[in-house]
Amino acid sequence: MSKAFSPRGGFKGGKRAKTPMKTLKRLLVYSFSRNKLATCFVVFFVLFAAIANVTAASRISYIVTELIDNGKNADMQGIVYPNIIAMGCIYFIGSASSFSYNLIMMYVAQGTLKKMRDEMFAKMQYLPLKYFDTHTHGDLMSLYTNDVDAMRQLLTQTIPQIISSAITLVAVFVFMVLYSVTLLLVVLVMLTSVIFLTKFIGGRSAKYYLTHQKALGNLNGYVEEMTEGQKVIKVFCHEEKARESFKKLNDELNEAGSKANTYAFVLGPVNNNLGYLQYVLVALVGALMMVFVGEKGFLSIQCSVIETGTANRVAVVAGMLVSFLMYSRQFNMPLMQVSQQFNAIVMALAGAERIFEMVDTVPEDKGGEITLTYGEHEEGKWAWKKPSGHSFEYIPLKGDIRFNDVIFGYTDEKVILKNISLYAKPGQKIAFVGSTGAGKTTITNLINRFYDIQSGQITYDGIDIKSIKKDDLRKSLGVVLQDTHLFTGTVMDNIRYGRLNATDDECIKAAKLANADFFITHLPEGYNTMIRGNGANLSQGQRQLLSIARAMVSECPVLILDEATSSIDTRTEKLIEQGMDKLMEGRTVFVIAHRLSTVRNSHAIMVLEHGEIIERGDHEQLIAQKGKYYQLYTGAFELD
């Protein structure tokens, strides 16, 4: 992980930005603070290029003065040619400097974006599950693609252009002061108009670009969702409804993009026309000054030429006016260039704001100081390692999990679990049944500490789970989810995901226990078969078998099976149960199931309804009670 990354504080370089200027400042600090040497070279070359362009323009006045003053008898060898050569050399040096700083900025920008993506992904690993529940996958992907790419142009082109423009403006301003204060006032009046329009138009453009980036993220999320669910869409003939929903999101994106680009693209032509108007006004006022004021209207940097009388004064003033006109264009040009880059600036700042919002999200609390060890206290045994003064206390991991009056809600306004109390002794199999939304999966999520409870207590071997580091807590829990997820890689790699240091033999043993070995060996390359697109080349049942094998290879003391056999046929389910019975020996197991046949051999069955346990007991006891479980089992009442 990059040293500049802090899971708790996001990117170092400032607190969360709330205005475009603060966002820009933070982005600049983030980009250049780690590239200080390269930044120095960039500033040097930008400074050199800007000064070179300004200095070259001053040579024009000498050439024009000589040609007007002497005509055909102009001193070509002594004045004209040397100044032309000097201009050529200066422009060459300026061009070389421009090439150099653009080349450096390309490497700085690409390095910055690479580090940003690395640190964004690293930060994402520490975000709470709630963050992913409230953001679509497409919106998150948009951060890595659209938003990061929007900053590429800002870093590679716009920022160097802004630096160059600022230096050029200062240098040109100094030269124009030396030439004519009166003409400078004309330029400044026009500059005021340009600044006002830029602020007026740019402010509206920035607002719509932020809306545009959010709308783009929403559209990406919808496209991803529809792509994954294309089979369901076709089965239920939902194409027209999906098209209408897409059209609505696309219209929102189009509206935001149109408004943002309208303001951004109007700014350039407006400022360009003001620049031409400024050029005309300067030329007009300068001509009038030549007629009515003469050289007195100029503070000449060619005073020595005038004083010696070697040149006609009108010729000197004409030469200086030509140079001033060039300076007025150079003074206006940076503003034109920046305004043309304005859409890139606001898009980049909108993307940066979204990225900083993500990295500033409070990371998941890692929990207490108690850690999990294996073989440290007793060989071949798991134990909790609890700091005690200057030493440690080891508590054998048995798998005793208890809920004491637990109250939980995903929000404070809506309570999901109400006063839940239950226990699972070491080696027991505890089953949860009930309607959809009753809170079964929520209970297992609380054991993992995917969410923290509002009140009550959950203990693990007598230890409050808030005192256990989350990573260590989750290492002790093997989980098989209803929605399987496989990663790009071989079958062996996906099984080994449960325990990265597992050997091939251990993975194969786990697959055999899960009865996955039979279908794996019949794949084209067996355990080395590549899995594509979350297991697109496997059936749903095969994916579930691999998920179970993954949990088996983890050798965790506690297992959580959330509808683990929901996608498996009855025959395979019985084979898996035989293997899982061996796996569950000496382990505490929590089972969520709609098939009540899979929970008959549980030590205790909890029947949940509306976040409360309404019945508890083993299969025989609940059948004898003839309550909700009896109705479910006999078919008098069906689960939702």
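Buried means under 20% relative accessible area, exposed means over 50%, and partly exposed covers what lies in between. The exercises below apply this scale, among other rules, to a predicted model.

**Exercise 1. Classify Glu 240 by its accessibility, and find which residue its side chain meets in a salt bridge.**

Solution. Begin with the accessibility: Glu 240 has a relative accessibility of 44%, so it counts as partly exposed. Next, turn to the partner, which is Arg 243, whose side chain meets that of Glu 240 in a salt bridge at 2.8 Å, N to O. Arg 243, with a relative accessible area of 45%, is likewise partly exposed. Finally, place the pair in the fold: Arg 243 and Glu 240 are 3 residues apart in helix α8 (residues 239-292), and are therefore separated by about one helical turn.

**Exercise 2. Describe the salt bridge between Asp 251 and Lys 247, and compare its setting with that of the one between Asp 118 and Lys 114.**

Solution. Take the distances in turn: the side chains of Asp 251 and Lys 247 meet at 3.1 Å, N to O, while those of Asp 118 and Lys 114 meet at 3.0 Å, N to O. Both distances can be checked against the criterion, which asks for a side-chain nitrogen of Lys or Arg within 4 Å of a carboxyl oxygen of Asp or Glu. Then locate the residues: Asp 251 and Lys 247 lie in helix α8, 4 residues apart, or about one turn of the helix, and Asp 118 and Lys 114 lie in helix α3 (residues 76-124), 4 residues apart, again about one turn. For accessibility, Asp 251 has 37% and is partly exposed, and Lys 247 is partly exposed at 45%. Elsewhere, salt bridges that share partners join Asp 493, Arg 496 and Asp 504 into one network. In the other pair, Asp 118 is partly exposed with a relative accessible area of 43%, and Lys 114 is partly exposed at 48%. A search of the whole structure finds 13 salt bridges.

**Exercise 3. Test whether the end-to-end span of helix α1 agrees with its number of residues.**

Solution. Helix α1 covers residues 20-32, which is 13 residues. The expected span is 1.5 Å times one less than the number of residues, and for α1 this gives 18 Å. The C-alpha atoms at the two ends are 18 Å apart, so the expectation and the model agree. As a further step, list the buried positions of α1, which are Thr 23, Leu 24, Arg 26, Leu 27, Tyr 30, Ser 31 and Phe 32.

**Exercise 4. Work out the strand order of the open sheet that contains β3, and decide which strands stand at its edges.**

Solution. The sheet has 3 strands in the order β3-β4-β5, and the pairing is antiparallel. Because β3 (371-374) and β5 (391-396) each have a single partner strand, they stand at the edges, and one side of each is left without a neighbour in the sheet. From one strand to the next the twist averages 40°. Looking at one pairing in detail, β3 and strand β4 (residues 382-388) are joined over 4 bridges, with Thr 373 opposite Ala 383 in β4.

**Exercise 5. Describe the hairpin of β16 and β17, then identify residues with a positive phi there and in two loops.**

Solution. Strand β16 (residues 604-609) and strand β17 (residues 612-617) pair in the antiparallel sense over 5 bridges, and Val 607 stands opposite Glu 615 in β17. The hairpin has 2 residues between its strands, and His 610 in the turn has a positive phi of about 55°. Most residues other than glycine have a negative phi. Arg 449 also has a positive phi, near 60°, and is found in the loop between α12 (440-447) and β9 (455-460); with 3% relative accessibility, Arg 449 counts as buried. Asn 515 has a phi near 60° as well and sits in the loop between α15 (504-513) and α16 (517-521), where it is partly exposed with a relative accessible area of 27%.

**Exercise 6. Count the disulfides, and say whether Cys 507 and Cys 556 are buried or exposed.**

Solution. A disulfide requires a pair of cysteine sulfur atoms within 2.5 Å, and by this rule the count comes to 0. Cys 507 is buried, with a relative accessible area of 0%, and Cys 556 is buried too, with 5%.

Note on methods. Residues numbered from 1 in each chain as written. Predicted model: local features only at pLDDT ≥ 70, side-chain atom pairs only at ≥ 80, totals over all residues. Heavy atoms only, no water. Buried < 20%, exposed > 50% of the residue type's maximum accessible area, 1.4 Å probe, protein only. Pairing = 2+ DSSP bridges. Axes fitted to C-alpha atoms, helices over the stretch in contact; angles between N-to-C directions.
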